[in-house]
Amino acid sequence: MDIRPNHTIYINNINDKVKKEELKRSLYALFSQFGQIIEIVASKTMNMRGQAFVVFKELAGATNALRQLQGFPFYNKPMRIQYAKTDSEVIAKVKGTYGDKEKKKEKKKKAQEAGTNLIKKPALGSAAPVHSAAVQVPDNPPNYILFLSNLPEETNEMMLSMLFNQFPGFKEVRLVPGQHDISFVEFESDTQAGVAKDALQGFRITATCAMKITYAKK
């Protein structure tokens with residue numbers, strides 16, 4: 001039976017030994033490259049074990065994630081992904097408050113929009129330079145090893161591997177013991193490292209930390 005595309009995707013066959021919080025962070029790191037995520041729902045109850053729901057803001061994000069990550073080896077198990085049967089029903093299965101929360105959010109958003117219409121244009125204009133400044137990271141000569149900085153505390157090897165192994169030539173992630181905010185990623189060539197660097201520059205593993213990527217010093 002075909003399930004109609006919607007903003008929520010349902011994932012199963014997840015390794016159920018992974019702790020709930022780590023699972024949610026890893027799912028966010030992996031899926032947020034396809035679009036803005038509103039919510040990730042994972043539960044360790046018996047009937048929800050090994051399953052999760054990811055809610056995207058845009059339908060295109062859900063569709064791309066489903067196509068690109070079908071069968072992706074997530075904690076050594078291939079993920080099975082499909083569209084959830086319905087957005088609200090599925091979320092309600094795990095937490096009945098979701099619908100109410102969305103209504104409140106909608107009300108708040110409308111109230112804010114009414115009050116901020118006049119300042120919308122300047123706000124957008126001022127945001128652009130900030131973004132471009134963040135992407136222009138001072139760099140070293142090309143190298144097959146990348147140096148990552150400004151990583152959030154909860155970063156782990158699995159999260160970074162999931163982000164970088166979608167690029168050709170990926171070899172390994174090397175964390176720095178005792179320093180959670182930096183890491184090295186090795187590729188087979190300078191060129192392949194450069195492609196990954198450009199694609200993931202400024203990528204947010206969490207909402208507050210934009211990753212900085214440079215070539216490692218030779």
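## A guided tour from strand S9 to the cavity

Begin by selecting Ser183, which is found in strand S9, residues 179–187; helices (H or I, at least four residues) and strands (E, at least two) are DSSP runs, numbered from the N terminus. The model is predicted, so local features need pLDDT of at least 70 and side-chain atom pairs count only at pLDDT 80 or more, while totals for chains, interfaces and linings use all residues. Residues are numbered from 1 along each chain as its sequence is written, and side-chain values use heavy atoms, with hydrogens and water left out.

**Ser183 and its surroundings.** Ser183 is buried, with a relative accessible area of 0%, where buried means under 20% relative accessible area, exposed over 50% and partly exposed in between (1.4 Å probe, protein chains only). Show the residues that Ser183 touches, leaving aside those up to four places away in sequence: Leu146, Phe147, Leu148, Leu151, Leu160, Val173, Arg174, Leu175 and Val176, a contact being heavy atoms within 4.5 Å. A polar atom of the Ser183 side chain lies 3.1 Å from the backbone oxygen of Arg174.

**Helix H6.** Leu160, one of the residues touched by Ser183, leads to helix H6, residues 157–164, which is largely enclosed by the rest of the structure because six of its eight residues are buried. The buried residues to colour are Met159, Leu160, Ser161, Met162, Leu163 and Phe164. At the start of H6, a side-chain oxygen of Asn156 reaches to within 3.2 Å of the backbone nitrogen of Met158.

**The largest nonpolar core.** Next select Ile9, Phe31, Phe56, Phe74 and Met79, the residues with the most contacts inside the largest nonpolar core, which has 26 residues; such a core is a set of buried Ala, Val, Leu, Ile, Met, Phe, Trp, Tyr and Cys residues joined through side-chain atoms within 4.5 Å. Two or more residues come from each of strand S1 (8–12), helix H1 (20–31), strand S2 (37–42), strand S3 (52–56), helix H2 (59–69) and strand S6 (80–83). A second, separate core of 20 residues includes Ala29, Leu160, Phe187 and Phe203. Returning to Ile9, look for its contacts beyond four places in sequence, among them Phe31, Val54, Phe56, Leu66 and Ile81.

**Leu23 and Tyr75.** Move to Leu23 in helix H1, a buried residue with a relative accessible area of 6%. Not counting residues up to four places away in sequence, Leu23 touches Ile14, Val18, Ala42 and Phe74. A distance drawn between the C-alpha atoms of Leu23 and Tyr75, 52 residues apart along the chain, should read 9.4 Å. Tyr75 is found in the loop between strand S4 (73–74) and strand S5 (77–78), and counts as buried at 10% relative accessibility. Phi of Tyr75 is near 50 degrees, a positive value in a residue other than glycine. Asn13, in the loop between S1 and H1, also has a positive phi, near 65 degrees.

**The cavity.** Which residues line the largest cavity? They are Ile14, Asn15, Asp16, Val18, Leu23, Ser43, Lys44, Arg49, Gly50 and Gln51, where a cavity, on a 1 Å grid over the protein atoms alone, is a set of points where a 1.4 Å probe fits but cannot get out, and lining residues have an atom within 4 Å of a point. A search of the whole structure finds one cavity of 30 Å³ or more, and the volume of the largest is about 50 Å³, a volume being the space filled by probe spheres set on the points, which are joined across faces, edges and corners.

Note on methods
Polar contact = N/O pair within 3.5 Å; in protein donor to acceptor, adjacent residues only side chain to side chain. 1 Å grid on protein atoms, 1.4 Å probe; cavity = no way out; pocket = protein on both sides within 12 Å on 5 of 7 lines; lining within 4 Å.
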